[in-house]
Amino acid sequence: MALEMRNTCEKCNTKLHNSSVAYICTHECTFCDKCSENEMYICPNCGGELVKRPRGKEHSLSCSLSLS
């Protein structure tokens, strides 16, 4: 299952791109770097830990990882 790469911070509505630094919790609540720091990396919605979201390519539709 892929992450839902949300494109705005849930706290301040800052626009986020797939390559932007953003933080998510296990429920995929999404926050910008500044808001995550202000919240001390604790999700204000669920109380879970906010961790750095992996960066993706802007226009990638699938992973090109080969397991062969």
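## A first look

What share of the 68 residues in the chain is buried? Buried residues make up 26% of them. Keep in mind as you explore that this is a predicted model.

The chain has one helix and three strands. Followed along the sequence, these elements come in the pattern β-β-α-β. About 5100 Å² of the chain is exposed, and carbon and sulfur atoms supply 52% of that area. Among contacts between residues at least 6 apart in sequence, 43% join residues at least 24 apart.

## The sheet

The three strands form an open sheet in the order β2-β1-β3, and their pairing is antiparallel. β2 and β3 (51-52) stand at the edges with a single partner strand each, so one side of each has no neighbour in the sheet.

To see how β1 and β3 are joined, look for the two bridges between these antiparallel strands. A handy place to start is Y23, which stands opposite K52 in β3.

## The nonpolar core

Which residues make up the largest nonpolar core? There are 11 in all: C9, L16, A22, Y23, C25, C29, F31, C32, C35, C43 and L50. Two strands, β1 (22-24) and β2 (30-32), supply at least two residues each to this core. As a general point, nonpolar side chains in soluble globular proteins tend to be buried together.

A22 is a good core residue to follow outward. Setting aside its neighbours within four places in sequence, A22 is in contact with L16, T30, F31, V51, K52 and R53. Of these partners, L16 and F31 also belong to the core.

## Charged residues

Two salt bridges are counted in this model. One of them joins the side chains of R6 and E10, with 3.1 Å from N to O. R6 counts as partly exposed because its relative accessibility is 26%, and E10 is also partly exposed, at 36%.

The side chains of K11 and E39 meet in a salt bridge too, again with an N to O distance of 3.1 Å. K11 lies in the segment before β1, while E39 lies in the loop between α1 (33-38) and β3, so this pair ties together parts that are 28 residues apart in sequence. K11 is partly exposed at 48% relative accessibility, and E39 is partly exposed at 24%.

## A buried charge

Where does E28 lie? You will find E28 in the loop between β1 and β2. E28 is buried yet has no salt bridge. The nearest side chain of opposite charge is R6, 5.0 Å away, and a salt bridge needs the side-chain nitrogen within 4 Å of a carboxyl oxygen, so this pair does not qualify.

E28 still has company: not counting residues up to four places away in sequence, E28 touches A2, L3, E4, R6 and E10. Two of the residues on that list, R6 and E10, are the ones whose side chains meet in a salt bridge.

## Links across the sequence

C12 lies in the segment before β1 and is partly exposed, with a relative accessible area of 36%. Along the sequence, C12 and C35 are 23 residues apart, but in space their C-alpha atoms are 7.4 Å apart. Leaving out residues up to four places away in sequence, C12 touches C32 and C35. Both of these partners are members of the nonpolar core.

P44 sits in the loop between α1 and β3. At 36% relative accessibility, P44 is partly exposed. P44 touches F31 and E39, again not counting residues up to four places away in sequence. The C-alpha atoms of P44 and C25 are separated by 9.9 Å, and the two residues are 19 residues apart along the chain.

## Two backbone angles to notice

Most residues other than glycine have a negative phi. N13 is not a glycine, yet has a positive phi of about 65°. N13 lies in the segment before β1, and counts as exposed because its relative accessibility is 60%.

Y41 also has a positive phi, of about 60°, although it is not a glycine. The place of Y41 is the loop between α1 and β3, and Y41 is partly exposed, with a relative accessible area of 30%.

Definitions and conventions:
Residues numbered from 1 in each chain as written. Predicted model: local features only at pLDDT ≥ 70, side-chain atom pairs only at ≥ 80, totals over all residues. Heavy atoms only, no water. Core = buried A, V, L, I, M, F, W, Y, C linked by side-chain atoms within 4.5 Å. Buried < 20%, exposed > 50% of the residue type's maximum accessible area, 1.4 Å probe, protein only. Helix = DSSP H or I, 4+ residues; strand = E, 2+ residues; numbered from the N terminus. Contact = heavy atoms within 4.5 Å. Pairing = 2+ DSSP bridges. Lys, Arg positive; Asp, Glu negative; His and termini not counted. Areas by Shrake-Rupley, 256 points an atom, 1.4 Å probe, with all protein chains shown as cover.
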